[in-house]
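User: Hey, can you walk me through this structure? I'm new to this, so plain words please.

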Amino acid sequence: MERHRMLKESQIMKIHYITGIAAIFVVAVHILMRLIVPFGSSLEYDYIISNYKNIFYVFILESILVLISIHGFNGIRIILLELRQNNAWENMITIMTISATIALIAYGTRTIILANGL
Amino acid sequence: MKELEHDSRNNLEGLKGWLNPSRYGWERISYWFQRITGVFLLIYFIGHVYETSTIVNGQNAWESFLELTQTVWGHLFLIMVIGASTFHSANGIRLIFTHVGIGLGTPGRPDYPYNPSSLNYRQKSGIWIALILSAAAMYYGFTVLFGE
């Protein structure tokens, strides 16, 4: 029986690679923001709040959140599909990982929005 | 073809097959590390998103949560995160290259002892480069976190 999918596995794999490569760049910027001042100072409340008010940095944080959530939960999906394969299992894993991705992005975005308004 | 018609295509070995280190070489170790570091980094990322969310509860909440991580064990955990993320990134780039055919070598006649040409020195070098970069990043992280 032919199964109908929104995306082919080869397309999902491309998304996995693109999100992985893009995440390396945005995480590098995020780490640099911790290292341009002494590490201890970079974790001070006022410095962190000033980061959340910087639109460029907010864009970087949201990008990290979206890219790593998609990449990470798709990685978990791939691992779980390697262990077992049948239609019910594959559908359940796909639904669970998509839900977890959306939940984590929503929770992280909430922090970014609220911290931006502090 | 008959197998494809079955709804269930359960992996016979399951987790045991996934963890079996025999029959494979360094590529199998790299396969494990890529998955183990990936799962570890996702767990860290979820924790990090939760940790940073405490900032919306004000300065006291942020500083009290931060105290939990600003310990020797907290720093050692961060060094593990640095090592895992560096290995996962470098080895991931090697895997992307491999997937598009770079570094696989040219197909040759299968001669005894039938070593696959795709598992060549380029692949092994890539794994070693990922491990060395990971160690270097962990050392740098150590100097930053414990050097203050």
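Analyst: Here is a chat about the two chains, their contact and some residues.

User: Before we start, what kind of model is this?
Analyst: This is a predicted model, where local features need pLDDT of at least 70, side-chain atom pairs count only at pLDDT 80 or more, and totals for chains, interfaces and linings use all residues. Residues are numbered from 1 along each chain as its sequence is written, while chains are lettered from A and ligands numbered from 1 in the order in which they are written.

User: What does chain B average in pLDDT?
Analyst: Chain B averages 85, and 89% of the residues score at least 70. The term pLDDT is the predictor's confidence in each residue, from 0 to 100. Among the elements of chain B, α5(B) has the highest mean pLDDT, 94, and helix α1 (residues 2–5) of chain B has the lowest, 51. The model as a whole scores ipTM 0.91 and pTM 0.87.

User: How many helices and strands are there in chain A?
Analyst: Chain A has five helices and zero strands. Helices (H or I, at least four residues) and strands (E, at least two) are DSSP runs, numbered from the N terminus.

User: And what about chain B?
Analyst: Chain B comes to six helices and zero strands.

User: Back to chain A. What box do the C-alpha atoms fill?
Analyst: The box is roughly 60 × 25 × 20 Å, taken along the principal axes. The radius of gyration of chain A is 18 Å, whereas a compact globule of 118 residues would have one near 13 Å. That radius is taken over C-alpha atoms, and the globule rule is 2.2 Å times the number of residues to the power 0.38.

User: How much of each chain is buried?
Analyst: Buried residues make up 19% of the 118 residues in chain A and 17% of the 148 residues in chain B. A residue is buried if 20 or more other C-beta atoms lie within 10 Å of its own, exposed if 12 or fewer, and partly exposed in between, with C-beta atoms placed from the backbone.

User: Now the contact between the chains. How many residues does it take from each?
Analyst: The contact takes 30 residues from chain B and 26 residues from chain A. On the side of chain B that touches chain A, α3(B) gives the most, with 10 residues. By class, that side of chain B has 15 nonpolar, 10 polar and five charged residues. Here Ala, Val, Leu, Ile, Met, Phe, Trp, Tyr, Cys and Pro count as nonpolar, Asp, Glu, Lys and Arg as charged, and the others, Gly among them, as polar. Two residues are in contact if their C-beta atoms, placed from the backbone, lie within 7 Å.

User: Which residues have the most contacts inside the largest nonpolar core?
Analyst: They are A:Ala23, A:Ile64, A:Leu65, A:Leu67, A:Ile68, B:Phe87 and B:Ala130, in a core of 15 residues. α4 (55–83) of chain A and α3 (26–53), α5 (72–99) and α6 (121–146) of chain B each supply at least two residues of this core. α4(A) gives the most, with seven residues. A nonpolar core is a set of buried Ala, Val, Leu, Ile, Met, Phe, Trp, Tyr and Cys residues joined through C-beta atoms within 7 Å.

User: Why does A:Ile64 count as buried?
Analyst: Because A:Ile64 has 21 C-beta neighbours inside 10 Å. A:Ile64 is in helix α4 of chain A. Leaving aside neighbours within four places in sequence, A:Ile64 touches A:Ala23, A:Val26, A:Val27 and A:His30. The C-alpha atoms of A:Ile64 and A:His30 are separated by 8.6 Å, though these residues are 34 residues apart along the chain.

User: And what does B:Phe87 touch?
Analyst: Not counting residues up to four places away in sequence, B:Phe87 touches B:Phe33, B:Thr37, B:Ala130, B:Leu131 and B:Ser134.

User: Which residues are buried in α6(B)?
Analyst: B:Gln123, B:Gly126, B:Ile127, B:Ala130, B:Ser134 and B:Gly141. The buried residues of α6(B) pack against α3 and α5 of chain B.

User: Last one: is B:Gly108 buried or exposed?
Analyst: B:Gly108 is exposed, because 8 other C-beta atoms lie within 10 Å. B:Gly108 is found in the loop between α5 and α6 of chain B.
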